[in-house]
Amino acid sequence: MPMQRARHHRERNPYYLYYQTRDAYEQGKYTRAEKRLRRAIWHHDDHRFHFLLGLTRFQLGHMAASRKSFKEAFSLVGSPYAASAYKRKLDLLLDGFVQTKPATSP
């Protein structure tokens, strides 16, 4: 019984969910990561959760939802340093996306 209570509380801890999500993301389990991040955000609105959700949705090909998550992360970030770090990460991500995107014929 105490183990069930502990698991119940752990599953409601947004930071526990966030770290589980990072593992799922790194393993390429993007749908699972998105689901856990939405639960984490429901419990606590943290810019890191929204940024990882944006990355996850980007990997799933949900570009409009990804953009929305990134905008939310930027609106919640508390320091200019963190905002500029996010911008650099997004620039790298988008540069890689543009370079790997197949060329289209005119």
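A salt bridge is a side-chain nitrogen of Lys or Arg within 4 Å of a carboxyl oxygen of Asp or Glu. The views below visit such pairs in a predicted model, where a search of the whole structure finds four of them.

**View 1. R57 and E34 meet in a salt bridge.** Here the side chains come together at 3.0 Å, N to O. The pair links distant parts of the chain, with R57 in helix α4 (residues 47-60) and E34 in helix α3 (residues 30-43), 23 residues apart. Because buried means under 20% relative accessible area, R57 counts as buried at 14%, and E34 is buried too, at 12%.

**View 2. R48 and D46 pair through their side chains.** This salt bridge spans 2.7 Å, N to O. Are its two partners buried or partly exposed? R48 is partly exposed, with 34% relative accessibility, whereas D46 is buried, at 7%.

**View 3. D91 and K87 form a salt bridge within helix α6.** Their side chains meet at 3.2 Å, N to O. Both residues lie in helix α6 (residues 80-100), and because they are four residues apart, about one helical turn separates them. D91 is partly exposed, with a relative accessible area of 33%, and K87 is partly exposed as well, at 46%.

**View 4. Salt bridges that share partners build a network.** Which residues does this network join? E34, R38 and R57 are linked into one network. Two of its members, E34 and R57, are the pair from View 1, whose side chains meet at 3.0 Å.

Notes
Residues are numbered from 1 along each chain as its sequence is written. This is a predicted model: local features need pLDDT of at least 70, side-chain atom pairs count only at pLDDT 80 or more; totals for chains, interfaces and linings use all residues. Side-chain values use heavy atoms; hydrogens and water are left out. Helices (H or I, at least four residues) and strands (E, at least two) are DSSP runs, numbered from the N terminus. Buried means under 20% relative accessible area, exposed over 50%, partly exposed in between (1.4 Å probe, protein chains only).
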